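Trainee: Got a minute to go through a model with me? I'd like to talk over the local details.

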Amino acid sequence: MAETSIEWTDATWNPVAGCTVLSPGCTNCYAMRMAARLEMMGQGKYRALTRKSGGRSVWTGKLFLDEKALGAPKAWRKPRQIFVNSMSDLFHVDVPAEFVAKVWSTMAETPQHTYQILTKRPDRMREITRDLHVLPNVWLGTSVENADYLDRIGHLKDVKAAVRFISFEPLLSSVASADLSGIHWAIVGGESGPRARPMKPDWVKEIKSSCRRFGTAFFFKQWGGKNKKAAGRKLNGRTYDEMPLVEKAALA
């Protein structure tokens with residue numbers, strides 16, 4: 001587990017490492033670059049998880065299930081918001097349901113923490129979580145990068161969770177038709193890094209308007225670009241760091 005600079009969470013926990021490129025939002029995934037860097041630093045957990053292609057690191061499709069990491073949150077007494085699997089996808093097809101259940105057990109045993117789980121595979125999330133307890137400290141979300149993947153929202157709505165959320169990052173097109181009913185929180189951000197694709201301000205404003213219409217908390221993470229710090233994270237001259245009202249959302 002490690003502290004993180006990700007604006008909407010406090011720390012990351014990675015019981016799984018490695019992934020597979022699934023959709024356009026994966027193309028410039030920061031986790032691929034980070035995994036390659038960690039392998040070069042001698043961290044065996046990331047060995048052979050990426051390969052070089054076109055001058056950049058990409059996932060090989062191999063996963064590492066880190067049994068030793070499963071108990072890490074139990075040693076962290078101070079309450080934190082924890083992003084689960086920033087270096088993978090807990091609901092990847094090659095992560096056994098039995099391993100997901102072990103992750104669930106750790107989260108159940110550490111109610112002082114709030115866990116945030118994002119997936120690009122909400123259909124599998126729906127199937128696996130049907131057999132798991134709904135935990136009040138676990139938020140479940142999906143990533144939607146453009147209008148071609150709005151169906152992920154429908155799958156997410158079929159998932160029982162204390163909080164359901166969407167990460168529109170990297171936002172690659174307008175998603176004005178997104179139905180945010182039943183969604184408690186939306187994160188919006190532009191792509192960052194050396195190959196960052198642009199995000200139009202109108203796309204962000206459309207999501208903000210939808211959040212207001214459906215009562216969804218709106219968190220604007222960043223404009224992104226090659227220098228995300230210079231671009232900043234202000235929209236209309238201010239920052240938006242809204243978080244979901246957990247008591248109202250609980251077990252919905």
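Mentor: Here is a short tour of helix packing, cysteines, backbone oddities and a cavity. This is a predicted model, so local features need pLDDT of at least 70 and side-chain atom pairs count only at pLDDT 80 or more, while totals for chains, interfaces and linings use all residues. Residues are numbered from 1 along each chain as its sequence is written, and side-chain values use heavy atoms, with hydrogens and water left out.

Trainee: Okay, helix α1 first. Which residues in it are buried?

Mentor: In α1 (residues 30-40), the buried ones are Ala-31, Met-32, Ala-35, Ala-36 and Leu-38. Buried means under 20% relative accessible area, exposed is over 50%, and partly exposed is in between, with a 1.4 Å probe and protein chains only. Helices are DSSP runs of H or I with at least four residues, strands are runs of E with at least two, and both are numbered from the N terminus.

Trainee: Where do they fall, seen down the axis of α1?

Mentor: They fall within an arc of 165 degrees, so they line one face of the helix. The arc is taken from the directions from the helix axis to the C-beta atoms.

Trainee: And what do they pack against?

Mentor: The buried residues of α1 pack against β4 (50-53) and β5 (56-59); contact here means heavy atoms within 4.5 Å. After α1 comes Gly-42, with a positive phi near 90 degrees.

Trainee: Switching to cysteines. How many disulfides does a search of the whole structure find?

Mentor: Zero. The test is a pair of cysteine sulfur atoms within 2.5 Å. For Cys-26, the nearest cysteine sulfur is that of Cys-19, 6.5 Å away. For Cys-29, the nearest is that of Cys-26, at 6.6 Å.

Trainee: Are those two buried or exposed?

Mentor: Cys-26 counts as buried because its relative accessibility is 9%. Cys-29 has 22%, so it counts as partly exposed.

Trainee: Now the backbone. Where is the cis peptide bond?

Mentor: It joins Glu-169 and Pro-170, with omega about -5 degrees. Pro-170 sits in the loop between β10 (163-168) and β11 (185-189).

Trainee: What about positive phi in a residue other than glycine?

Mentor: Asn-85 has one, near 65 degrees, in the loop between β7 (81-84) and α2 (97-108). Asn-236 has a positive phi too, about 55 degrees, and is in the loop between α6 (228-231) and α7 (246-249).

Trainee: Buried or exposed, those two?

Mentor: Asn-85 is at 1% relative accessibility, so it counts as buried. Asn-236 is at 54%, so it counts as exposed.

Trainee: Which residues does Thr-216 touch?

Mentor: Leaving out residues up to four places away in sequence, Thr-216 touches Leu-180, Ile-183, His-184, Trp-185, Ala-186, Cys-211 and Glu-242. Thr-216 lies in the loop between α5 (201-214) and β12 (217-222), and counts as buried because its relative accessibility is 3%.

Trainee: Last one: how many cavities of 30 Å³ or more are there?

Mentor: The search finds one, with a volume of about 60 Å³. On a 1 Å grid over the protein atoms alone, a cavity is a set of points where a 1.4 Å probe fits but cannot get out, and lining residues have an atom within 4 Å of a point. Points are joined across faces, edges and corners, and the volume is the space filled by probe spheres set on them.

Trainee: What lines it?

Mentor: Among the lining residues are Trp-104, Thr-129, His-133, Leu-140 and Lys-160.

Methods. 1 Å grid on protein atoms, 1.4 Å probe; cavity = no way out; pocket = protein on both sides within 12 Å on 5 of 7 lines; lining within 4 Å.
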